[in-house]
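Subject: Structure for your review

Dear colleague,

I am passing on a structure that I would like you to look over when you have the time. My notes on it follow below the entry itself.

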Amino acid sequence: MKALIGIISEENLRKRMLAIAAGKYIPDPGEPKVWFASLNAIGQILSNENIALLRIMSAQKPETISELARLAGRQVSNLSTTLKTLEGHGFVHLQRKGNTVKPTALFTDFEIRVESELLVNSNAA
């Protein structure tokens, strides 16, 4: 379960998104699906603690956030915030089941590509 993450400037990311929306750029299947503006931004989300949390989820398959909190030695309230952030970036799936939420890690390993320049017109129609 490896995520391909790209680093691109905010300006180029904005241009890329607009070109995709306008149908002027079609991403290649091998391109990253998750983009950040810097290594620092990635580091804030994929800290060592959060990567360990993803690996605990993958190995232990907890049924609830409370169970994950116990396994990870973290407070439920703090953990819930972290999980929502990871879900927002596509690294975690939170499945609601009645009054509980089952956390599932979508990725446990990461490959980072630093794009010096992504030419949004390279696949232009």
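With which residue does glutamate 11 form a salt bridge? The partner is lysine 15, and the closest N and O atoms of the two lie 3.2 Å apart. Please keep in mind that this is a predicted model. Both residues belong to helix H1 (residues 10-21), where, being 4 residues apart, they are separated by about one helical turn. Glutamate 11 is partly exposed, with a relative accessible area of 48%, and lysine 15 is likewise partly exposed, at 42%.

Arginine 16 forms a salt bridge with glutamate 31, with 2.8 Å between the closest N and O atoms. Arginine 16 lies in helix H1, whereas glutamate 31 sits in the loop between H1 and strand E2 (34-36), so the pair ties together parts that are 15 residues apart in sequence. With buried meaning under 20% relative accessible area, arginine 16 counts as buried at 6%, and glutamate 31 counts as buried at 10%.

The structure holds 6 salt bridges, and a few further ones deserve a mention. Arginine 113 forms one with glutamate 111, the closest N and O atoms being 3.7 Å apart; here arginine 113 is partly exposed, with a relative accessible area of 35%, and glutamate 111 is partly exposed as well, with 32%. In addition, Glu63, Lys97 and Lys102 are linked in a network of salt bridges.

As to the overall architecture, the protein has 5 helices and 5 strands, and read from the N terminus on, its elements run β-α-β-α-α-α-α-β-β-β. Taken along the principal axes, the C-alpha atoms fill a box of roughly 50 × 30 × 25 Å. Of the 125 residues, 34% count as buried, and among contacts with a separation of 6 or more, 68% are accounted for by residues 24 or more positions apart. The accessible surface comes to about 7500 Å², of which carbon and sulfur atoms hold 52%.

The helix packing involves H5 (residues 76-88) in two pairs that I looked at. Helix H3 (residues 48-60) packs with H5 at an angle of about 90°, the axes being 12 Å apart; since angles of 65 to 115 degrees count as roughly perpendicular, H3 and H5 are therefore roughly perpendicular to each other. In this pair, Asn50, Leu53, Leu54 and Met57 of H3 meet Leu79, Thr82, Leu83 and Leu86 of H5. Helix H4 (residues 65-72) packs with H5 at about 105°, with 9 Å between the axes, and H4 and H5 are therefore also roughly perpendicular to each other. On the H4 side, the contact is made by Ile65, Ser66, Leu68 and Ala69, and on the H5 side by Val76, Leu79, Ser80 and Leu83. Leu79 and Leu83 of H5 thus appear both in the contact with H3 and in the contact with H4.

Finally, there is a nonpolar patch on the surface, formed by Leu39, Ile112 and Val114, which together have about 290 Å² of accessible area. Isoleucine 112 is found in strand E5 (residues 109-114), and with a relative accessible area of 39% it is partly exposed.

With best regards

Technical notes
Residues are numbered from 1 along each chain as its sequence is written. This is a predicted model: local features need pLDDT of at least 70, side-chain atom pairs count only at pLDDT 80 or more; totals for chains, interfaces and linings use all residues. Side-chain values use heavy atoms; hydrogens and water are left out. Patches are made of residues with over 30% relative accessible area and no salt bridge: like charges are joined within 9 Å, nonpolar side chains (Val, Leu, Ile, Met, Phe, Trp, Tyr) within 5 Å. Accessible areas come from the Shrake-Rupley method with a 1.4 Å probe; for residues, only the protein chains shown count as cover. A salt bridge is a side-chain nitrogen of Lys or Arg within 4 Å of a carboxyl oxygen of Asp or Glu. Buried means under 20% relative accessible area, exposed over 50%, partly exposed in between (1.4 Å probe, protein chains only). Axes are lines fitted to C-alpha atoms, for helices over the stretch in contact, and angles run from 0 to 180 degrees between N-to-C directions. Angles under 35 degrees count as roughly parallel, over 145 as roughly antiparallel, 65 to 115 as roughly perpendicular and the rest as oblique. Contact means heavy atoms within 4.5 Å.
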